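These are my notebook entries on a structure I went through today. I took the sheets in turn and then turned to the contact between chains.

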Amino acid sequence: MSNVVIRVENISKQYRLGLIGSGSLQDDFKRKIAAIRGKEDPFLKIGTTNDQNNIEKSEYIWSLKNINFEVKQGEVLGIIGANGAGKSTLLKILSKVTAPTTGSVKIKGRIASLLEVGTGFHPELTGKENVFLNGAILGMNKLEISKKFEEIVAFSGVEKYINTPVKRYSSGMYVRLAFAVAAHLDSEILIIDEVLAVGDLEFQKKCLGKMKNISQEQGKTVLFVSHNMTATENLCDSVLTLKNGNIIYSGNTQKGILEYLNPINYKPTSTLQNQIKNLNTDSIFELTDVKLCQNNIEDNFLSNKEINFSMKYNLKNNILGLRVGFDIIDSLGTCVFRSYHDDLSESINQFNAGSYVSQGTIPANLLKNSSYVLSLSIGIHNLRWIIFDKIKITFHVLNLQGINKLYADERPGVIMPKIVWQTFSI
Amino acid sequence: MDRFNNKTNIDSQQDEWTEIITPKNGLFDLHLNEIWRYRDLLMLFVKRDFVSTYKQTILGPLWFFIAPILTTITFTIVFGNIAHLSTEKKPPVIFYMCGIIAWNYFATCLTSTSTTFRDNATIFGKVYFPRLIIPLSVIITNLVKFAIQFLLLICVWLYFLKQGTISNPSKSLLILPLLVILMAGLGLGAGMIISSLTTKYRDLIFLLQFGIQLLMYTTPIIYPLSSIPTKYQWIIIANPMTAIIESFRHAFLGNDNFLPFNLFYSAGCMILLLFIGIIIFNKTEKTFIDTV
């Protein structure tokens, strides 16, 4: 049975750009006059969508436009999108911090929103006093907090300092205590924004675990905004992908994540073409195309699937000892590995003039969750480089369903190969 | 089985939404029940304000006493001994102290509620609770401060009573609680109006600084109403605080300036200000975060 606890209908939110000052009084008068004459608000009509790359002159923009969706009881919904896509605005509307410009939201149950860790913490008050204050701000009453106090303190791990003013806390302790309060809220619906970006790895893991527990065992509904795709993938039943204030995808988590990640750096073909064009013409070698793909996706790859590459080139003369290959370089600039087309040959290759394609696959379960650059390394053995450090393709590897799926934390190391372990009692 | 499923489906559709968020509130949609639900928060805010104000001070709450004592001494010297303003033959110390303590309550209520939205923008921007909680907590915090200062006043009053320099307590002492409510209401109402308007137009903050001072001089604090020429008394009486301060002093000093009818005027002003204040505040709280 579908039990809808949040129904968002046609939500739009308009913001005024620039300074709010002398002009606002004038606009207010125009609005009032329009209202008196029974006309529509003159400023609701104008305004462009919130595309931050689009420099269009309008004083009003729509941060959200006609958003519709439903959330069912016990569902964990991820909300993802680039900066400025409207995620925070949506959460602000849902948590009643600001009202929508048009539309309505219907809610069943109490909502607790965690748009920030430690809202209302007062530095002069002790940890204990702040637990009560913060809990009350988030909507609990004194009795509810007292009941959970022990649990909250135990979860935060700051028992020793609970009677010390929080201004003497380390930032980690502060955040831990604040999250602990929020995690023990009694409300039916929880809204969480980027909270996981804080605390050490250990605590982040604890938070993720707690949130999983909240949704799965306690049956609470959670709305979760994060830029951490691994956490999103791990926690959410479904996602809502926002772009420029519109929903561009809603449904399956993995597809939504790819939908979000794809367009960000979606310049590979154009920049690549430019790179190829800008190459100095070589007397014998002409590169025509380079391609990297995984199921038609060109720059975001899943770590547990193979990545296909291919390069096309024309040779004007016969060449002995041509080696076509590439380096994979990680985000720190370390070369992860280099590969050549003749790695498995036993003799030097002889090429005749003509068109060629060299292709292959980068194996699955090798690269880790990170950004990489593929840099072409093409040369004639023991003679000269033809292309080196000139053609670069940036791509991202996402570890969504692969190794370490259970904990989903950041692994040290350059690669993350799949190693089959055997463990048994002896 | 089928029938059962159908039934639950219908039931779930009939379920009431507990909350509906819309662009605009009804004018009188004040959510008073919500304020009741958040009463613990109200008290915690009061506690927070207290604890945080005097943490790391040596004298702590003693400062509540020191401020009115110093002001009273200053007034006694400047207005009583140097300017020789009339105190209707009452001891100047208690005369000024009555006025100062009562006025201070109103003035602090007004100034601190008038910055509600601005001072709490960060917390309002992150979490929802009935916004009215903040001005209410300010009123209560100041009420406690007032109560402490009132104790001081009682002590001074008892001293003068024993000396026999002022007459015995009159029945009008009984209206003191009413006067406190009137002052709180006036401060809250005006404060809410100003805080709502300052979210967009900050000019009002500067106006308020000046306005409160002006208002203080049009209220009989450093002079009795009787010292004003009858021709101009209406200006002073038009100030709703006048009747309150005069009655307050009347209760302690027993002078002849008890103005029951003017108290009704003050009450009327309070109700009007509170009414307008709550409506504007309620309208502002929904979207102020976008303009503050």
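**Sheets and interface**

I looked first at how the strands of chain A are arranged: six of them form an open sheet in the order β6-β7-β8-β4-β9-β10, with mixed pairing. I noted β6 (111-114) and β10 (246-252) of chain A as the edge strands, since each pairs on one side only. From one strand to the next I recorded an average twist of 15°. I add at this point that the model is predicted.

Within this sheet I looked up one pair of strands. In chain A, strand β7 (residues 189-193) and strand β8 (residues 221-225) run parallel and are joined by five bridges. For the register I noted that A:I189 stands opposite A:T221 in β8(A).

I then turned to strand β13 of chain A. Which strands does β13(A) pair with? On the one hand, strand β13 (residues 307-315) is joined by eight bridges to strand β11 (residues 285-293) of chain A, and the two run antiparallel. There, A:N308 in β13(A) has A:C293 opposite. On the other hand, nine bridges connect β13(A) with strand β18 (residues 354-362) of chain A, again in antiparallel pairing. In that pairing I found A:S310 opposite A:Q359 in β18(A).

Next I examined the contact between the chains. I recorded 51 residues of chain A in contact with 41 residues of chain B. The two chains bury about 3900 Å² between them, and 61% of this lies on carbon and sulfur atoms. On the side of chain A, the residues that lose the most area to chain B are A:K96, A:V97 and A:I137, which together account for 16% of what that side buries.

How many salt bridges are there between chain A and chain B? The count is one. I found the side chains of A:K96 and B:E34 meeting in a salt bridge, at 3.5 Å from N to O. I also noted three residue pairs in polar contact across this interface, with both residues at pLDDT 80 or more.

I listed the elements of chain A that each supply at least two residues to the side touching chain B: β1 (4-16), α1 (22-36), α3 (87-94), β5 (102-107) and α4 (127-137). By class, I entered that side as 21 nonpolar, 16 polar and 14 charged residues.

My last entry concerns strand pairing between the chains. Three bridges join β5(A) to strand β1 (residues 19-21) of chain B, and these strands run antiparallel. I noted B:E19 in β1(B) as the bridge partner of A:I107.

Definitions and conventions:
Residues numbered from 1 in each chain as written. Chains lettered and ligands numbered in written order. Predicted model: local features only at pLDDT ≥ 70, side-chain atom pairs only at ≥ 80, totals over all residues. Heavy atoms only, no water. Pairing = 2+ DSSP bridges. Helix = DSSP H or I, 4+ residues; strand = E, 2+ residues; numbered from the N terminus. Contact = heavy atoms within 4.5 Å. Buried area = accessible area lost by both parts, 1.4 Å probe. Salt bridge = Lys/Arg side-chain N within 4 Å of Asp/Glu carboxyl O. Polar contact = N/O pair within 3.5 Å; in protein donor to acceptor, adjacent residues only side chain to side chain. Nonpolar A, V, L, I, M, F, W, Y, C, P; charged D, E, K, R; others polar. Axes fitted to C-alpha atoms, helices over the stretch in contact; angles between N-to-C directions.
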